[in-house]
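Colleague: I am new to this structure and should like to learn how to read it. Might we look at it together, one feature at a time?

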Amino acid sequence: MLFNAKYAAIAAAAFAAVAAAAGSGVVDLTPKNFKSVVDGSKDVLVKFYAPWCGHCKTMAEDYERLAAGYAHADGVVVAEVNADDHRALGDKYGVQGFPTLKFFPKDGDVASPEDYSAGRDLDSLASFVHKKTGVLARIKKAISHVVELDYAKFKGVVLDESKFVLVEFFAPWCGHCKQLAPIYAQLSEIFQNDQNVVIASYDASEDAKIKDEYPIAGFPTLFAFPAGKGAEKIEYDGDRSLSALVAFVNKHAGTQRTAEGLLDQSAGRLETLDAIARKYIAASEAQRAKLIAKAKKAAEKVKGSTQAKFAKYYVKVMEKMSSASDFAGKEAERLAGIVRSGAVSASKLDGFTIRQNVLKVFLGRDAADEQAAAAAAAEKAAAAGEGADRPKDEL
């Protein structure tokens with residue numbers, strides 16, 4: 001076999017480093033580590049939650065962003081306890097519902113924490129911690145790419161058959177809409193490079209015309225308008241978490257995004273060329289020449305489509321490996337290094353990710369397994385919304 005195992009190992013490690021999502025800054029507390037963290041030496045905010053709790057799911061992303069905002073502060077800890085698994089801990093602190101938040105001040109009595117009773121949105125949480133600790137959170141605000149609609153603009157945007165359009169109908173006074181706003185802004189940022197996706201909003205609080213045309217029974221109400229002639233609108237009834245919304249858009253728009261805004265592991269991959277590539281890495285020189293010719297024919301079949309440039313890259317890698325069998329490994333390592341350096345702009349990162357995905361095939365990584373894993377993750381995220389608590393403010 002001409003496949004270079006050394007570079008496969010190097011590249012695999014590099015891919016793992018680049019693909020790993022930024023871990024949550026929320027400290028997971030259990031009976032084993034609770035006393036060592038909540039010991040009076042630091043200010044600690046603890047959320048007691050249950051995995052099945054709808055309100056817990058709704059505030060999860062804001063809580064993680066709060067933790068990330070205080071990652072720079074050694075004296076402040078943002079933590080959580082799965083009080084469904086560790087009921088004794090919840091009982092010890094009088095937890096009777098979920099989520100319940102308790103603040104344990106530095107040098108305070110750890111047996112008598114302060115109850116948190118303010119809002120569960122990021123601004124309220126950050127304001128509370130700042131007031132109690134004197135430390136400001138460093139929270140990165142999501143850049144909004146949400147398209148603002150009114151009745152005059154509405155049909156021109158949502159009836160564009162070339163695009164998938166998700167519209168949030170909201171009211172400025174709606175509390176649930178305010179909670180969704182930063183998540184919705186993040187969603188728009190994630191799909192900003194997908195030209196066929198529009199994330200939009202519509203202030204329908206005083207608009208009788210739009211209410212007559214669409215069944216807006218409360219706020220927020222989200223409708224998706226898929227691309228394609230005669231496509232039926234879809235009301236979104238899932239969890240309002242970022243991961244669930246991303247999974248919904250991916251499913252109905254045909255996109256391949258992660259909740260971190262990156263392309264997933266299947267992006268840029270073509271099954272026909274994956275099959276040829278797998279044969280190529282184990283083939284003799286004579287067989288490789290025939291496989292390159294076969295790959296070129298496959299690439300010709302998708303000429304003029306969005307897949308054309310991906311197909312060309314498969315051919316390019318095969319031709320490079322004809323003269324340098326370790327090309328895929330070295331190139332994977334090079335690309336991973338550039339991405340890690342932070343020198344790649346957001347607009348160009350997709351291209352790097354696609355090339356990395358294609359190189360994985362030549363490094364012996366099984367596309368079918370990766371795609372199955374990605375599909376399972378998407379299905380899990382979408383299922384998280386089933387039966388979740390999704391209250392709306394009345395009209």
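Colleague: Which residue forms a salt bridge with Asp326?

Modeller: Side chains of opposite charge can pair when their charged atoms come close. In this predicted model, Lys330 forms a salt bridge with Asp326, and their closest N and O atoms are 3.5 Å apart. Lys330 counts as partly exposed because its relative accessibility is 43%. Asp326, at 18% relative accessibility, counts as buried, because buried means under 20%.

Colleague: Which residues are joined into one network by salt bridges that share partners?

Modeller: Asp194, Arg257 and Asp350 are joined in that way.

Colleague: How many salt bridges does the count come to?

Modeller: The count comes to 11 salt bridges. One of them pairs Lys132 with Glu114, at 3.0 Å from N to O. Lys132 belongs to helix 5 (residues 122-133) and Glu114 to strand 5, so this pair ties together parts that are 18 residues apart in sequence. Both partners are partly exposed: Lys132 has a relative accessibility of 34%, and Glu114 has 32%.

Colleague: Which side chain meets Glu319 in a salt bridge?

Modeller: Lys296 does, at 3.2 Å from N to O. Because Glu319 lies in helix 12 and Lys296 in helix 11 (residues 285-301), the pair ties together parts that are 23 residues apart in sequence. Glu319 is partly exposed, at a relative accessible area of 38%, and Lys296 is also partly exposed, at 43%.

Colleague: What of a charged residue without such a partner? Is Glu168 buried or exposed?

Modeller: Glu168 is buried and yet has no salt bridge. The nearest side chain of opposite charge is that of Arg240, 7.6 Å away. A salt bridge requires the nitrogen and oxygen to be within 4 Å, so at 7.6 Å Arg240 does not form one with Glu168. Glu168 is part of strand 7 (residues 164-170).

Colleague: Leaving aside its neighbours within four places in sequence, with which residues is Glu168 in contact?

Modeller: They are Cys177, Leu180, Tyr184, Ala200, Ser201, Tyr202, Pro220, Thr221 and Leu222. One of these contacts, Pro220, has a feature of its own: a cis peptide bond joins Phe219 to Pro220, with omega about -5°. Pro220 sits in the loop between strand 9 (218-219) and strand 10 (221-225).

Colleague: Where is Pro99, which follows Phe98 across a cis peptide bond?

Modeller: Pro99 is found in the loop between helix 4 (87-92) and strand 4 (100-104). The peptide bond from Phe98 to Pro99 has omega near -10°.

Colleague: Backbone angles may be read in a similar way. What is the phi of Asp107?

Modeller: Asp107 has a positive phi of about 65°, although it is not a glycine. It is placed in the loop between strand 4 and strand 5 (114-115). Asp107 counts as exposed because its relative accessibility is 67%. Another positive phi, of about 75°, is taken by Gly254, just after helix 9.

Colleague: How many residues of helix 9 are buried?

Modeller: Helix 9 is mostly covered, with nine of its 12 residues buried. The buried residues are Leu242, Ala244, Leu245, Val246, Ala247, Phe248, Val249, Asn250 and Ala253. Helix 9 spans residues 242-253 and reaches 16 Å from its first C-alpha to its last, close to the 16 Å expected at 1.5 Å a residue.

Colleague: How should a pair of helices be read? At what angle do the axes of helix 10 and helix 12 cross?

Modeller: Two packed helices are described by the angle between their axes and the distance between the axes. The axes of helix 10 (residues 271-281) and helix 12 (residues 308-323) cross at roughly 10° and come within 11 Å. That angle makes helix 10 roughly parallel to helix 12. From helix 10, Leu273, Asp274, Ile276, Ala277 and Tyr280 meet Ala311, Tyr314, Met318, Met321 and Ser322 in helix 12.

Colleague: How many residues apart in sequence are Ala275 and Val361?

Modeller: They are 86 residues apart in sequence and 8.9 Å apart in space, C-alpha to C-alpha. Ala275 lies in helix 10, and it counts as partly exposed because its relative accessibility is 35%.

Note on methods:
Residues are numbered from 1 along each chain as its sequence is written. This is a predicted model: local features need pLDDT of at least 70, side-chain atom pairs count only at pLDDT 80 or more; totals for chains, interfaces and linings use all residues. Side-chain values use heavy atoms; hydrogens and water are left out. Helices (H or I, at least four residues) and strands (E, at least two) are DSSP runs, numbered from the N terminus. Buried means under 20% relative accessible area, exposed over 50%, partly exposed in between (1.4 Å probe, protein chains only). Lys and Arg count as positive and Asp and Glu as negative; His and the chain ends are not counted. Contact means heavy atoms within 4.5 Å. The expected span of a helix is 1.5 Å times one less than its number of residues. Axes are lines fitted to C-alpha atoms, for helices over the stretch in contact, and angles run from 0 to 180 degrees between N-to-C directions. Angles under 35 degrees count as roughly parallel, over 145 as roughly antiparallel, 65 to 115 as roughly perpendicular and the rest as oblique.
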